[in-house]
Amino acid sequence: MRPTQSKKLDLLGIRDLSSAQIHELYALADRFMEVLQQPTRKAAALAGSTIALLFFESSTRTKLSFELAAKRLGADVLSFSASGSSLDKGESLLDTARNILAMGVDAFVVRHKGVGTAHFLARHLPVPVINAGDGTHEHPTQALLDTYTLLRKFGRLEGLTLTIIGDLFHSRVALSHLHLAPKVGLRLRLCAPPTLVPPLWYRLGWPVYHEVQAALEGADALLVLRMQRERQAFPPLASWQEYSRFYQVRAEYLCENQVLLHPGPINWGVELDPRLQTAAQSRILDQVTHGVAIRMAVLYALLRG
Ligand code: NCD
């Protein structure tokens, strides 16, 4: 979190968070998990605040969990959807946001296909802005909730090996993990076809694999990424079938103790073997639960921390 204007904090990327701030967010999420486990309890920490959700790209988990997180903290939520808004009439993004701000909004959660959109709004708005995904750039709350899921499972992050498999080139989740791992002591392994590894990533010091089984051997956890077809001009291998044949994570590749993560949405049969839908190793739905607590922690930290 970094101040872009005096007296306000934004969460634009993991890059801006210190190791101590990340651990504070995990500790806050622990507190909010207790609130979530008692459905009749609602924290009133953000009572009287209004959070605006500006989603210009599709979303299920991220949007709903920010909404629930805000409501569980007692805040009101304004949910904007681009279609049917005055953007159709030529209104700019900044004008739209300023008009919503004029209604009395205390923070914005922004998702947009444009890289840097949240950063742009943060520079021009006097209230906290949270990046809920900007194109292929960053998705900080997803990386926080993924690692929080590992922390709750293993009781530590330091020294764990996490293999990230899939569309590294287009994934904002992967980039946020690249920034996060060194701050919490996670060891990464990266696995993708050569066409889906950004060339500079070979120089980061993490091992890069082009073979799934080798990338999984001895790893504590795996994070499988969706093929970002909407951002790809061409298939990553000769065809989609070939991608699934060579890079799909198959049930028999996983050891009993390995933890399976995926940010969703999942394309079963493409990046993940459908037989893994009921796998004991899967913590995919826990990620969704933890996403609410992590987003409560982020909202609380930015508005009251
Ligand atoms: C991710 C996203 O939107 O970047 N999903 C999510 O937020 N749960 C990953 C994806 O779309 O593949």
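The legends below describe close-up views of a predicted model.

**View 1. The two domains and the contact between them**. Domain 1 is made of residues 2-138 + 288-304, and domain 2 covers 140-283. Their centres, taken over C-alpha atoms, are 25 Å apart. Domain 1 brings 34 residues to the contact, and domain 2 brings 25 residues. About 2400 Å² is buried between domain 1 and domain 2, with 62% of this area coming from carbon and sulfur atoms. On the domain 1 side, Ile14, Tyr26 and His290 supply 26% of the area buried against domain 2, more than any other three residues.

**View 2. Helix H6 along its length**. H6 runs over residues 172-184, a stretch of 13 residues. From first C-alpha to last, H6 reaches 19 Å, close to the 18 Å expected at 1.5 Å a residue. The helix bends by about 25° at leucine 178. Within four residues after that point comes a proline, proline 182.

**View 3. The two ends of H6**. At the N-terminal end, serine 171 acts as a cap. One of the side-chain oxygens in this view, that of serine 171, lies 3.2 Å from the backbone nitrogen of valine 173. Just after H6 comes glycine 185, which takes a positive phi of about 80°.

**View 4. The surroundings of H6**. Ten of the 13 residues of H6 are buried, so the helix is largely enclosed by the rest of the structure. The buried residues include Arg172, Val173, Ala174, Leu175 and Ser176. Also among them are His177, Leu178, Leu180, Ala181 and Val184. Leucine 178, listed here as buried, is also the residue at which H6 bends.

**View 5. Arginine 226 and its contacts**. Arginine 226 sits in the loop between strand S10 (221-224) and helix H8 (240-247). Its relative accessibility is 16%, so arginine 226 counts as buried, the cut-off being under 20%. The side chain of arginine 226 makes a polar contact with the side chain of glutamate 230, at 2.8 Å. Leaving aside neighbours within four places in sequence, arginine 226 is in contact with Asp167, His262, Pro265, Asn267 and Glu271.

**View 6. The cis peptide bond at proline 265**. The bond from glycine 264 to proline 265 is cis, and its omega is near -10°. Proline 265 belongs to the loop between strand S11 (259-261) and helix H9 (284-304). This proline is one of the residues in contact with arginine 226.

Notes:
Residues are numbered from 1 along each chain as its sequence is written. This is a predicted model: local features need pLDDT of at least 70, side-chain atom pairs count only at pLDDT 80 or more; totals for chains, interfaces and linings use all residues. Side-chain values use heavy atoms; hydrogens and water are left out. The expected span of a helix is 1.5 Å times one less than its number of residues. The bend at a residue is the angle between axes fitted to the seven residues ending there and the seven starting there. Buried means under 20% relative accessible area, exposed over 50%, partly exposed in between (1.4 Å probe, protein chains only). A polar contact is a pair of N or O atoms within 3.5 Å; within protein, one must be able to donate a hydrogen and the other to accept it, and residues adjacent in sequence count only if both atoms are side-chain atoms. Domain bounds come from an automatic or database domain assignment. Contact means heavy atoms within 4.5 Å. Buried area is the accessible area (1.4 Å probe) that two parts lose on being put together, summed over both.
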